[in-house]
Structure formats: C-alpha cells, structure tokens
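Biologist: Could you take me through one helix of this model in detail, along with what it packs against and what it helps to surround? I would enjoy a close look at that single part.

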Amino acid sequence: MKRNAILLAAALTLAGCNQNQTAQVPAPAPAPVEAAAPAAPAGGTDDRRQFMINVVAPATKPIWDLSYADKMSDADWETVKKATADLVAAMPQIAADPRGQDPKWKDSLMKVSADADAAQKAATEKNQMALAMAGDAMVEDCGGCHKDFDPGAK
Ligand code: HEC
C-alpha cells in the first residue's frame with residue numbers, strides 16, 4: 001500500500017503536475033505529492049470516457065490478448081512493451097480526474113497503477129507468466145473503479 005502510493009507519487013512527479021491549485025489535503029495523506037491536485041483535462045465525464053476508450057483500453061488490450069498466447073513472438077513483446085509504457089503514462093491522467101481526491105478513486109488507481117508497473121516490468125523481462133498475472137489483476141482492479149464510478153459499465 002505504501003509502496004503503491006510511492007509509485008503513484010512518482011508517476012505524478014514524472015508528469016510534472018505542479019499545478020498551483022489549492023488542494024484539499026486529506027488528513028491521512030500517505031505521501032505529500034498526493035496532496036497536489038493536478039490539472040484535470042478540460043471537460044468532465046465524457047472526456048474521461050473517451051480517454052478510457054481511446055488511450056487506456058488500447059494500452060491494456062494487448063496485455064490481455066497476448067499474455068495467454070501459447071508463445072509470444074518478439075513482435076508481440078514489442079507490442080506489449082509499448083502498450084505497457086502507454087498504460088503507465090496514462091496513470092497521472094486518471095489521477096488528474098476531478099474525482100481524483102475520492103479515497104475510492106485513489107485506492108483503485110493505486111492498484112491499477114501497481115498492476116501497470118508489474119506489466120511493464122514483465123514486458124521488459126519477457127516474463128509471460130508475470131504479464132498474465134498483471135493482466136488478471138487488472139481485470140479486477142480496473143473493474144473495481146468502474147463498479148464504484150461507472151455503474152453502467154460491465
Ligand atoms: C480510478 C478509476 C478508474 C480506473 C482505475 C480505471 N477506470 Fe476505466 N473508467 C472509469 C470511469 C469513471 C469511467 C466512465 C466514464 C467517466 O465517468 O468518466 C470509465 C470508463 C472506461 C471505459 C469506457 C466504458 C464504456 O463502454 O463507456 C473503458 C473501456 C475503460 N474505462 C477501461 C479501463 C481499463 C482497461 C482500466 C484498467 C487498465 C481502467 N479503465 C481503469 C474509471 C476508471
């Protein structure tokens with residue numbers, strides 16, 4: 001949990017989110033970086049849905065599609081490497097959502113962020129078993145946030 005918070009904080013720092021908004025500091029904030037409310041992309045829920053559909057889902061699909069292949073080719077690994085990099089890069093954007101300060105949102109995001117890091121590591125190491133496990137965890141962890149915040153989603 002602590003480690004996830006640090007990973008997320010690192011992701012946020014990498015994205016250079018030092019927006020100067022007055023952030024509401026949640027009392028038990030585990031890491032100071034989390035208190036900084038990063039700039040959300042303009043617009044609300046519809047933009048977020050498009051971002052999920054156009055960026056997050058395509059970065060996740062190759063993990064799900066390829067990790068259960070009998071054997072992954074070098075080209076498959078290249079695809080997955082790129083996808084996992086895109087997915088990791090998408091995390092600060094999800095954190096920047098207007099709902100990003102909700103503890104449930106943060107909790108889901110930290111899990112998915114850890115899964116994305118694990119998938120990226122698996123891709124670097126060409127560890128198919130680890131990739132499949134990260135993908136499995138994402139099914140549950142992506143779904144966790146959707147259950148809380150997008151009840152219409154399956
Ligand atoms: C912290 C919350 C959160 C996490 C984590 C998250 N999502 Fe989402 N996602 C949402 C919300 C909320 C929506 C609905 C749109 C909105 O309200 O902004 C959504 C919508 C979607 C949609 C569009 C559904 C539709 O048919 O309209 C897809 C696809 C999607 N997410 C994929 C993913 C995948 C894949 C992951 C994991 C890698 C993921 N999401 C992780 C919050 C999250």
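Modeller: Happy to! Let's start just past the end of helix H4, where Lys126 follows with a positive phi, near 50°. Please keep in mind that this is a predicted model. H4 itself covers residues 103-125. With 23 residues at 1.5 Å a residue, H4 should span 33 Å, and its end C-alpha atoms are indeed 33 Å apart, so the two values agree.

Now for its packing partner. Helix H3, residues 74-95, packs with H4 at an angle of about 155°, the axes lying 9 Å apart. Because angles over 145 degrees count as roughly antiparallel, H3 is roughly antiparallel to H4. The crossing of H3 past H4 is left-handed. On the H3 side, the residues in contact include Trp77, Val80, Leu87, Val88 and Met91; on the H4 side, Leu109, Ser113, Ala116 and Asp117 are among them. Sorted by class, this contact holds twelve nonpolar, three polar and two charged residues.

H4 also has a part in the surroundings of the ligand. There are 20 residues around the ligand, and Arg48, Met52, Cys142, Cys145 and Asp150 come nearest. Helices H2 (45-66), H4 (103-125) and H5 (128-149) are the elements that give two or more residues to this shell. H2 gives the most, with eight residues. As for the make-up of the shell, 13 residues are nonpolar, four are polar and three are charged.

Notes:
Residues are numbered from 1 along each chain as its sequence is written. This is a predicted model: local features need pLDDT of at least 70, side-chain atom pairs count only at pLDDT 80 or more; totals for chains, interfaces and linings use all residues. A residue is near a molecule or strand if its C-beta atom, placed from the backbone, lies within 6 Å of it. Helices (H or I, at least four residues) and strands (E, at least two) are DSSP runs, numbered from the N terminus. Ala, Val, Leu, Ile, Met, Phe, Trp, Tyr, Cys and Pro count as nonpolar, Asp, Glu, Lys and Arg as charged, and the others, Gly among them, as polar. Axes are lines fitted to C-alpha atoms, for helices over the stretch in contact, and angles run from 0 to 180 degrees between N-to-C directions. Angles under 35 degrees count as roughly parallel, over 145 as roughly antiparallel, 65 to 115 as roughly perpendicular and the rest as oblique. A crossing is left-handed if the near helix is turned anticlockwise from the far one by less than a right angle, and right-handed if clockwise. Two residues are in contact if their C-beta atoms, placed from the backbone, lie within 7 Å. The expected span of a helix is 1.5 Å times one less than its number of residues.
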